[in-house]
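Reader: Please take a close look at one part of this model. I would like a single strand placed among its neighbours, and then in the chain around it.

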Amino acid sequence: MYSFTSRVRYSETDETGNLSLRSLMNYLQDCCLFQSESLGVGPDYLKKRHRLWLLSGWQVIIDRCPRMFEKITVETIPYEFSGCLGWRNVSVSDENGICIVRANSPWVYVNTDTGRPAQPDETEKSAYVLGERIPMDYAPRKIKLPENMAARTPVPVIQEFIDTNHHVNNAQYVDIAVNIMEENMRSASAPDTVTEAETEARGEQPFFVRELRVEYKKQAILGEVLYPKTCLQDDWYYVAFTDLNGHVYAAVAIRQ
């Protein structure tokens, strides 16, 4: 188990004063990397060995978004190694110790010389003390996309999307997907199920995300174009980011 404390910065919030979803995703991912670095098996160590842990997906359940200036604790628990996969939970708790965000994520161990999955050696695995999975309703790792998804405006991959692995950062897909969902729902004039007064009382945004699932399948690099496709089905809003030939970079499922 590894944890760190923080205070929600103004620069990390959205227009309502809540921690933005993109910032939340960064907190979750950073916590995982902080632990690896603290154990001596972080990105620099892996780079020397021509290895890399690639995030394969997320399931995030949000009971409440942290507010601006709120003190939070972010904690991660790795709980399983299986072949080339490593599994871990991440959670966010408020200053009273109440868990307000729970997440599950698989990571794929990759040989950067071949670009293929590999198995971590015992030295790397033994650096982590495995714990128990946190209580949550676990979803499948893979997302089944609906048929007949509607094409949306293409999104060019620009420099600010790119991270140190030279491909689109994982949180960027989530940020773009939420923006597409909000724009689509506004243009459709979809009726809100919650009144403005109720929203203000709870400190929530009209498009408050209660659960998020992401599956990363292919890396997008600078200069490529993301072709989003969307569909609303069974209370879930799906966004698939594909290349020109329909191959999926990432699939996102959002439940309000």
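Author: What follows starts with one strand and works outward.

This is a predicted model. Take strand 5, residues 85–94. Ten of its ten residues are buried, so the rest of the structure largely encloses this strand. The cut-off for buried is under 20% relative accessible area. Both faces are covered. On one side, L85, W87, N89, S91 and S93 are buried. On the other side, so are G86, R88, V90, V92 and D94.

Now the partners. Strand 4 (residues 71–82) runs antiparallel to strand 5, and ten bridges join the two. D94 of strand 5 stands opposite I72. The two strands form a hairpin, with two residues between them. G83 sits in that turn and has a positive phi of about 60°.

Strand 6 (residues 99–111) is also antiparallel to strand 5, joined to it by nine bridges. V92 has V101 of strand 6 as its bridge partner. This pair forms a hairpin too, with four residues between the strands. Its turn holds G97, with a positive phi of about 85°.

Next, a contact from outside the hairpins. W58 touches V90, one of the buried residues of strand 5. Beyond its sequence neighbours, W58 also contacts A103, N104 and S105. Further contacts of W58 include L212, R213, V214 and Y216. M25, L28, Q29 and C32 are among its contacts as well.

Those last four belong to the buried residues of helix 1. Others buried there include L21, S23, L24 and Y27. Helix 1 covers residues 21–38, and its end C-alpha atoms are 26 Å apart. At 1.5 Å a residue, its 18 residues should span 26 Å, so the helix agrees with expectation. Just after helix 1, G40 takes a positive phi of about 80°.

W58 also leads to the core. The largest nonpolar core has 54 residues, and W58 and F241 touch the most other members. Helix 4 (residues 170–187) gives the most to this core: eight residues. Another core, of eight residues, lies apart from it and includes I143, M149, C231 and A251.

Last, the whole chain. It has five helices and 13 strands. Its radius of gyration is 18 Å, close to the 18 Å from the globule rule for 256 residues, so the chain is as compact as a globular protein of that length. Buried residues make up 49% of the 256. Among contacts between residues at least 6 apart in sequence, 71% join residues at least 24 apart.

Notes: Residues are numbered from 1 along each chain as its sequence is written. This is a predicted model: local features need pLDDT of at least 70, side-chain atom pairs count only at pLDDT 80 or more; totals for chains, interfaces and linings use all residues. Side-chain values use heavy atoms; hydrogens and water are left out. A nonpolar core is a set of buried Ala, Val, Leu, Ile, Met, Phe, Trp, Tyr and Cys residues joined through side-chain atoms within 4.5 Å. Buried means under 20% relative accessible area, exposed over 50%, partly exposed in between (1.4 Å probe, protein chains only). Contact means heavy atoms within 4.5 Å. Two strands pair if DSSP finds at least two bridges between them. The expected span of a helix is 1.5 Å times one less than its number of residues. The radius of gyration is taken over C-alpha atoms; the globule rule is 2.2 Å times the number of residues to the power 0.38. Lists of a residue's contacts leave out its neighbours within four places in sequence.
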